[in-house]
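Look over the sequence and the structure shown here before reading on. The briefing starts with one residue and then turns to the protein as a whole and to its aromatic rings.

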Amino acid sequence: MRALVVDHSEAGPIRFADVDEPVPSAGEALVEVRHIGLNFGELNYVRQWPAGAVHGHDAAGVVVRSASDGSGPPAGTRVAVGMAPHAWAERVAVSPASLGTVPEGVDLADAAALGIAGVTALRVLRKRSLLARDVLITGASGGVGHFAVQLAALAGARVTALVGSPERAAGLRELGADKVLTELDETGARFDLVLDTVGGPLVAQAWNSLAEGGTIHLVGYSSGQETTFPPGALFGFGEPRSIATFGDMTPTSGDLTDLLGLMAAGRLSAPVGLRGDWQDVDAAVKALFARKVHGKVILDVA
C-alpha cells in the first residue's frame, strides 16, 4: 500500500513510499483511511521519528476489520483517528483507545481535523473552570487556536485571540473571540489562563499580563525563538502564577467522542483552511510552513 513516510533528506520532511500492509494485533482495528490531517509540529520536528517510518497521527476513515478481541467499533463504522502512530497511509492498524465514532451528519474530513489540535485545546481548557474568566489564545489562527477559541467561548470565557497579522484575524470573532489582537500590549487585560502555541518572547509578554492565580499552558513553540525573562519578572506577591508544559499522550477516544458530539450538535466547527488530494502533499506542506493556512490542512486519500 502507499503511505507518507519520514524523509530526513533535503527533499523532506515526508515522501510517498510503498510499505507493507499493517498487521493488527488482537486489540487493534484495521481502518481504511479516507482523509489525513497534517500538523505543523510533526512536520517541523520530523527528525524525532526514524527515517522511512509511516508518519502522521491524525486521520479519519472506515473500520474494515474490527479488533479480534471484540473491543472497539465494528466493521463499517466511520471513525476519527487521533494521536495514533502511522496514520498517513491507505490503511492503519489502530487501538480503539485512539478512535472516536463519527456521528451521522459530521463530515469525515472534518473529523480528521480533530486529533492533536482539537484534543490539545480541549485538555488544556479543562484544567480549570472558565466561566466568566479571561482567556488568551495565542496563535489563534492555527489549528489548535481555532478549536481553543470555540471551546473557551462555549465554556463561558471572555476570549482574546492573538494573531500575527490582521489578515490572520478573519473569522475568529464569528467563532467566539471577544477581542482579536495583533499585539499583546494593545490591551491592559489580565488573563486567568493563557494557551500559548507560539513560544519565544511572547511567553514573557503573556506572563506580564497574567492575573494572580493564572497559568500559561505551553502547547507549542512555532516561533522557534528563545524566551527570556528580565530580572525580577518571576517574583511577585499575591496568589501564585504558573507556567505549565503540555505533552498529554494518554488515550484520546473519550476526548474525540466529546468533540465529535459538539460537532454533531452544531456547536463546534472544523477549522479546515486547506483541503486537497494527498498527491499534492508537498504543496500543502509548503503552504503550512509559509503560514498561508488559517486552520488545519486536510488531504483526501485517493
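Is T215 buried or exposed? T215 has a relative accessible area of 17%. Buried means under 20%, so T215 is buried. Keep in mind that this is a predicted model.

**The surroundings of T215**

- T215 sits in strand 12, which covers residues 210-218.
- Apart from neighbours within four places in sequence, T215 is in contact with D192, L193 and V194.
- L210, S242 and A244 are also in contact with T215.

**The protein as a whole**

- The protein contains 8 helices and 15 strands.
- The C-alpha trace spans about 60 × 45 × 30 Å along the principal axes of the protein.
- For 302 residues, a compact globule would be expected to have a radius of gyration near 19 Å, and the protein agrees with this because its own value is 19 Å.
- Of the 302 residues in the protein, 49% are buried.
- Take the contacts between residues at least 6 apart in sequence: 67% of these contacts join residues at least 24 apart.

**Surface and charge**

- The protein has an accessible surface of about 13,200 Å².
- Carbon and sulfur atoms account for 51% of that accessible surface.
- The protein carries 24 positive and 33 negative charges, and the mean positions of the two sets are 3 Å apart.

**Aromatic pairs**

- A pair of aromatic rings is described by the distance of the centres and the angle of the planes.
- Searching the whole structure gives 5 aromatic pairs.
- One of them joins F40 and F289, with ring centres 5.7 Å apart and planes at 80 degrees. Planes over 60 degrees apart count as edge-to-face, so this pair is edge-to-face.
- F40 belongs to helix 1 (residues 40-44) and F289 to helix 8 (residues 281-289), so the pair ties together parts that are 249 residues apart in sequence.
- F40 counts as partly exposed because its relative accessibility is 22%.
- F289 also counts as partly exposed, with a relative accessibility of 34%.
- F235 and F237 form another aromatic pair, with 5.3 Å from centre to centre and 80 degrees between the planes. The pair of F235 and F237 is edge-to-face.
- Both F235 and F237 are exposed.

How values were computed: Residues are numbered from 1 along each chain as its sequence is written. This is a predicted model: local features need pLDDT of at least 70, side-chain atom pairs count only at pLDDT 80 or more; totals for chains, interfaces and linings use all residues. Side-chain values use heavy atoms; hydrogens and water are left out. Helices (H or I, at least four residues) and strands (E, at least two) are DSSP runs, numbered from the N terminus. The radius of gyration is taken over C-alpha atoms; the globule rule is 2.2 Å times the number of residues to the power 0.38. Buried means under 20% relative accessible area, exposed over 50%, partly exposed in between (1.4 Å probe, protein chains only). Contact means heavy atoms within 4.5 Å. Accessible areas come from the Shrake-Rupley method with a 1.4 Å probe; for residues, only the protein chains shown count as cover. Lys and Arg count as positive and Asp and Glu as negative; His and the chain ends are not counted. The place of a charge is taken as NZ of Lys, CZ of Arg, CG of Asp or CD of Glu. Rings of Phe, Tyr and Trp (its six-membered ring) pair if their centres lie within 6.5 Å; planes under 30 degrees apart count as stacked, over 60 as edge-to-face and the rest as tilted.
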